[in-house]
Amino acid sequence: MRAVSFLLVDDLEENLLSLEALLRRDNILLLKARSGDEALELLLKHEVALALIDVQMPGLDGFELAELMRGNERTRSIPIIFVTAGIADNQRRFRGYEAGAVDFIQKPIEPLILRNKADVFFELASQRQELAAQRDELRMNSSSLASALRRLEAHRDNSPLGVVEFDAALNILHWSSGASRLFGWSADEMVGKSLAECDWIDVGDAAYLRDIVTEPSLIDERDMRLCRNKRADGSAVECEWYYSVLVDPISSSVSINAQILDVSERRRSEETQLLLIGELNHRVKNTLATVQAIASQTLRHAPDPGVFTRNFTGRIQSLARAHSLLSEATWQGASLSDLIADQFRLGAVDAARFEAVGPEVWLAPETALHLALILHELCTNALKYGALSTPDGTVALMWRIQNEQLHLNWLEKGGPRVKAPKRRGFGTTLIEQSAKAEGGAAHADYRADGIAWDLIMPLPLAAAPSKQPAPEPQSAQLSEITQPESKLRGCRVLIVEDETMIALEIEAMLEDAGITAVGPAGTVEQALQMIEAREFDVALLDGNLHGKPVTEVAAALTRAKVPFIFVSGYGRANLPSSYEQIGVLTKPFTEQQLLSEVERLVRHIDQVGLRAVSAAPRSLN
């Protein structure tokens with residue numbers, strides 16, 4: 001694999017050297033530019049996977065450079081992270097995101113945060129290279145196959161090809177052994193029959209054969225015709241047909257030779273590959289949106305930057321390690337024991353003071369991610385405030401499976417005296433909401449000798465249904481938000497989202513604008529119950545809920561005449577096909593984009609007269 005290129009742009013050499021030292025690793029090429037003009041020259045010469053750009057530079061500043069990059073087809077899709085020593089106020093952040101930035105890094109730079117962010121884009125670039133190599137390999141294989149087909153004419157009975165020869169009247173002259181293996185009829189059954197007597201060829205393909213009998217020049221040796229044929233047992237088979245025509249001296253057709261290749265398996269493989277690419281795109285977007293939500297929620301509850309850095313880094317590490325475990329199992333799931341052992345590998349828990357007892361449990365990917373965050377919060381709280389903050393404290397984690405549910409009991413002993421907190425922290429909310437998002441529950445018992453947690457999480461057995469891939473659609477048009485306080489204050493919005501962190505982030509964005517958030521609903525069943533209660537005005541609907549399609553939820557909202565949009569990392573092709581007129585807000589998204597979509601939904605309600613505009617809480621009833 002060739003080296004992945006990162007572009008570092010800063011007018012100070014010492015800053016470039018510092019970035020280079022932090023990011024240096026195997027199989028990475030660091031390109032350095034002292035100005036915006038120099039950066040543009042490097043972008044014309046190299047394929048760049050990530051651009052780290054200083055905001056304040058003489059000449060072209062970072063924002064202007066980013067806008068130029070977004071205006072060029074070659075550099076439009078390059079992710080940009082701004083590096084700034086200035087105050088990262090909302091106005092500067094909005095300008096940065098409008099210019100195409102995916103993130104900001106504040107100087108002085110925290111090395112671990114920078115490396116973690118850079119690692120994400122390094123892995124994405126590596127995966128793109130691998131997919132491109134597979135694509136090139138498929139193209140080379142296809143070219144080689146076309147050449148081999150022309151050489152196999154002399155050995156047609158021993159080849160995997162079905163070779164069929166027709167005379168000028170389209171009677172079958174020859175039926176090879178390969179054709180018998182492919183279609184199920186023997187040569188004795190087929191030779192001598194006319195095309196009209198056979199129903200194994202589609203009407204359109206039969207018409208093409210008649211055309212090339214009368215006009216042999218229609219055949220181009222480079223052409224291939226994809227046909228859907230029928231076997232003797234009535235089943236369908238997809239085939240590639242290659243033709244050659246024998247003509248006499250006066251250019252009349254004497255015979256037509258068709259070399260037929262079964263490509264059913266290859267077509268299924270190509271469809272599977274497209275599906276996997278679509279799934280990768282969805283997972284990347286969902287992961288980025290989760291990271292964005294973790295950062296925002298951690299910042300909201302951090303008293304100072306140091307606490308934020310520690311908490312955010314720990315949560316991201318836990319999430320990243322869970323992703324690694326799932327990747328090793330090709331995203332089929334992860335074992336609970338591996339998630340627990342991961343806490344030891346991170347150095348979060350002393351194994352001598354931690355007892356883990358329970359059967360082997362295999363978790364679905366979404367459940368594994370949520371449980372990884374829960375375990376991280378439990379271990380972190382035990383280290384900071386609980387049993388593991390004292391020399392003699394211990395933790396016991398026991399679990400069992402009962403009625404297709406996972407029951408976990410977390411018990412701390414020997415720590416400081418415990419009292420119920422007066423204010424709910426983000427860690428407690430994260431634990432409870434993560435369990436709830438899986439259709440389960442979490443309960444804390446603040447005992448004098450140590451806190452105890454009881455958690456219940458379902459163990460889903462069915463896999464998510466497959467979906468047909470399609471080109472990525474454009475996101476719904478996002479209008480500019482104007483005076484959200486007056487337009488949206490008091491509006492009630494139902495959140496249907498199975499990712500806990502994303503749901504919490506959406507809720508915070510709405511409440512900051514004076515909007516009442518209803519939910520979140522993490523399952524189809526919860527969503528339907530909330531729709532029946534009808535305590536909201538508009539809805540934000542995730543593309544799927546734990547692998548289940550949301551068609552039933554969309555139908556219920558439509559029947560209730562509730563305006564809604566899809567909020568999803570999936571593309572339009574993976575959403576319910578009967579709701580193509582519904583807008584899509586693609587993850588990750590900004591607060592302004594979210595509020596713009598909510599404003600559009602509310603404006604629709606007012607226009608069609610479904611309710612009167614009022615400063616009081618809005619209702620469709």
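Here a trainee and a mentor talk through some features of this predicted model.

Mentor: Before we start, residues are numbered from 1 along each chain as its sequence is written, and side-chain values use heavy atoms, with hydrogens and water left out. As the model is predicted, local features need pLDDT of at least 70 and side-chain atom pairs count only at pLDDT 80 or more, while totals for chains, interfaces and linings use all residues.

Trainee: Let's begin inside: which helix gives the largest share of the largest nonpolar core?

Mentor: A nonpolar core is a set of buried Ala, Val, Leu, Ile, Met, Phe, Trp, Tyr and Cys residues joined through side-chain atoms within 4.5 Å, and buried means under 20% relative accessible area, exposed over 50%, partly exposed in between (1.4 Å probe, protein chains only). This core has 32 residues, and Leu 336, Leu 363, Leu 371, Leu 406, Trp 410 and Trp 453 touch the most other members. Elements giving at least two residues each include α11 (336–345), β14, β15 and α12 (365–384); helices (H or I, at least four residues) and strands (E, at least two) are DSSP runs, numbered from the N terminus. The largest share, eight residues, comes from α12.

Trainee: How many residues are in the other core, the one with Leu 170 and Trp 175?

Mentor: That core lies apart from the largest one, and Met 190 and Leu 209 are also among its members. Its residue count is 27.

Trainee: Which residues make up the aromatic cluster?

Mentor: Rings of Phe, Tyr and Trp (its six-membered ring) pair if their centres lie within 6.5 Å; planes under 30 degrees apart count as stacked, over 60 as edge-to-face and the rest as tilted. The structure holds twelve aromatic pairs. One cluster is formed by Trp 175, Phe 183, Trp 200, Tyr 208, Trp 241 and Tyr 243.

Trainee: How far is Arg 225 from the ring centre of Tyr 208?

Mentor: A charge sits over a ring if NZ of Lys or CZ of Arg is within 6 Å of the ring centre and within 35 degrees of the ring normal. Arg 25 has its charged end over the ring of Phe 122, 3.9 Å from the centre. Arg 225 lies over the face of Tyr 208, and here the distance is 4.6 Å.

Trainee: Why do Cys 227 and Cys 239 not form a disulfide?

Mentor: A disulfide is a pair of cysteine sulfur atoms within 2.5 Å, and a search of the whole structure finds zero. Cys 227 is buried at 3% relative accessible area, and Cys 239 is buried too, at 0%. The closest cysteine sulfur to that of Cys 227 is in Cys 239, which is too far for a bond because the distance is 7.5 Å.

Trainee: What is omega for the cis bond between Lys 107 and Pro 108?

Mentor: Most residues other than glycine have a negative phi, and most peptide bonds are trans. Pro 108 is in the loop between β5 (101–106) and α5 (111–151). Another cis bond runs from Gly 519 to Pro 520, with omega near 5°, and Pro 520 is in strand β19 (residues 516–521). For Lys 107 and Pro 108, omega is about -5°.

Trainee: Is Glu 404 buried or exposed?

Mentor: Glu 404 is not a glycine, yet has a positive phi of about 60°. You'll find Glu 404 in the loop between β14 (394–402) and β15 (405–413). With a relative accessible area of 53%, Glu 404 is exposed.
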